[in-house]
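Reader: I have a model open and would like to learn how to read it. Please take me through it one feature at a time.

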Amino acid sequence: MILIVSLLIMLSGLAGIVFPILPSTPLIWVGVFIYAACDRFESIGWSLLLIFALLTIISLVLDYLGGVIGAKKYGATRWGLIGSVIGGIVGFFMGGIIGLIFGPVFGAVLFELIFGKDLKGAFKSGVGTLVGFLGGVIVKLVISVVIIGIFLIKVF
């Protein structure tokens with residue numbers, strides 16, 4: 001029974017990669033922890049839980065900073081970065097998942113244009129924001145699948 005509960009929690013975390021209202025990798029870690037605690041840490045020990053916690057933290061940092069890193073690599077100014085953050089917040093509340101993805105792009109482009117960049121440079125900053133965001137999501141997905149895969153190997 002506890003295995004099913006843990007797996008359902010982990011699947012909810014996996015769904016959180018697509019539906020950002022759910023905390024993706026933290027939910028996966030919680031699912032692993034619940035199973036480990038109920039199993040008295042026989043299948044999943046403390047050292048593996050610590051490794052999973054570090055991977056969870058790395059995935060969150062890269063996910064949240066991905067757009068900023070991408071924008072910076074594509075030449076965004078400080079204003080473009082500020083615009084991407086504001087666009088992400090506004091986009092989330094106004095457009096849900098779609099807004100969360102494209103809000104930072106529009107925010108970066110808009111702020112770059114307002115503060116003096118030409119259309120081509122502003123658009124390049126917006127594309128960088130999107131590339132960075134998608135890169136962060138891919139890293140989070142890979143880390144999530146690795147954690148679940150190792151969990152399944154250890155349990156079975």
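Author: What follows goes from the overall fold to the core, a helix pair, the aromatic rings and a few single residues. Keep in mind that this is a predicted model.

Reader: Where do I begin, and how many helices and strands are there in the protein chain?

Author: Begin with the secondary structure. The protein chain has 5 helices and 0 strands, and its pattern along the sequence reads α-α-α-α-α. The C-alpha atoms fill a box of roughly 60 × 25 × 15 Å along the principal axes.

Reader: What share of the residues count as buried?

Author: Of the 156 residues, 38% count as buried. A second figure concerns contacts with a sequence separation of 6 or more: residues 24 or more positions apart account for 64% of them.

Reader: How should I read the core, and which residues have the most contacts inside it?

Author: The general idea comes first. In soluble globular proteins, nonpolar side chains tend to be buried together. Here the largest nonpolar core has 15 residues, and M10, V32, I44, I147 and F151 have the most contacts inside it. Two or more core residues come from each of α1 (2–18), α2 (24–38), α3 (46–73) and α5 (119–155). The largest share, 5 residues, is from α5.

Reader: Take I147 as an example. Which residues does I147 touch?

Author: Leaving aside residues up to four places away in sequence, I147 touches I28, V32, F52, L55 and T56. V32 is also on the list of core residues with the most contacts.

Reader: Next, a pair of helices. At what angle do the axes of α4 and α5 cross?

Author: To read a helix pair, take the axes, then the handedness, then the residues that meet. The axes of α4 (residues 78–114) and α5 come within 7 Å and cross at roughly 140°. The crossing is right-handed. On the α4 side the contact includes S84, I101, F102 and P104, and on the α5 side it includes L119, A122, F123 and S125. By type, the residues of this contact divide into 12 nonpolar, 4 polar and 1 charged.

Reader: How many aromatic pairs are there in the whole structure?

Author: A search finds 8 aromatic pairs. Read each pair by the distance between ring centres and the angle between planes. One of the pairs is W29 with F33, which is stacked, at 5.3 Å centre to centre and 15° between the planes. Both residues lie in helix α2, 4 residues apart, about one turn of the helix. W29 is partly exposed because its relative accessible area is 23%, and F33 is likewise partly exposed at 27%.

Reader: Is the pair of F111 and F115 stacked or tilted?

Author: F111 and F115 form a tilted pair, 6.1 Å centre to centre with 45° between the planes. F111 has a relative accessible area of 18% and is therefore buried, while F115, at 43%, is partly exposed. The cut-off that separates the two is 20%.

Reader: Which residues form one aromatic cluster with W29 and F33?

Author: F41 and W46 join W29 and F33 in one aromatic cluster.

Reader: Backbone angles next. Where is F41, and what is its phi?

Author: F41 lies in the loop between α2 and α3. Its phi is near 60°, a positive value in a residue other than glycine. R40 is placed in the loop between α2 and α3 and has a positive phi of about 60° although it is not a glycine. R40 counts as exposed because its relative accessibility is 70%, whereas F41 counts as partly exposed at 24%.

Reader: Last, a charged residue. Is K140 buried or exposed?

Author: Do not judge burial from residue type; read the accessible area. K140 lies in helix α5 and has a relative accessible area of 6%, so K140 is buried. Not counting residues up to four places away in sequence, K140 touches G16, I17, S24, T25, S59 and D63.

Reader: And for contrast, how exposed is V131?

Author: V131, in helix α5, counts as partly exposed because its relative accessibility is 39%. V131 and V68 are 63 residues apart in sequence and 9.9 Å apart in space, C-alpha to C-alpha.

Methods: Residues are numbered from 1 along each chain as its sequence is written. This is a predicted model: local features need pLDDT of at least 70, side-chain atom pairs count only at pLDDT 80 or more; totals for chains, interfaces and linings use all residues. Side-chain values use heavy atoms; hydrogens and water are left out. A nonpolar core is a set of buried Ala, Val, Leu, Ile, Met, Phe, Trp, Tyr and Cys residues joined through side-chain atoms within 4.5 Å. Buried means under 20% relative accessible area, exposed over 50%, partly exposed in between (1.4 Å probe, protein chains only). Contact means heavy atoms within 4.5 Å. Axes are lines fitted to C-alpha atoms, for helices over the stretch in contact, and angles run from 0 to 180 degrees between N-to-C directions. A crossing is left-handed if the near helix is turned anticlockwise from the far one by less than a right angle, and right-handed if clockwise. Ala, Val, Leu, Ile, Met, Phe, Trp, Tyr, Cys and Pro count as nonpolar, Asp, Glu, Lys and Arg as charged, and the others, Gly among them, as polar. Rings of Phe, Tyr and Trp (its six-membered ring) pair if their centres lie within 6.5 Å; planes under 30 degrees apart count as stacked, over 60 as edge-to-face and the rest as tilted.
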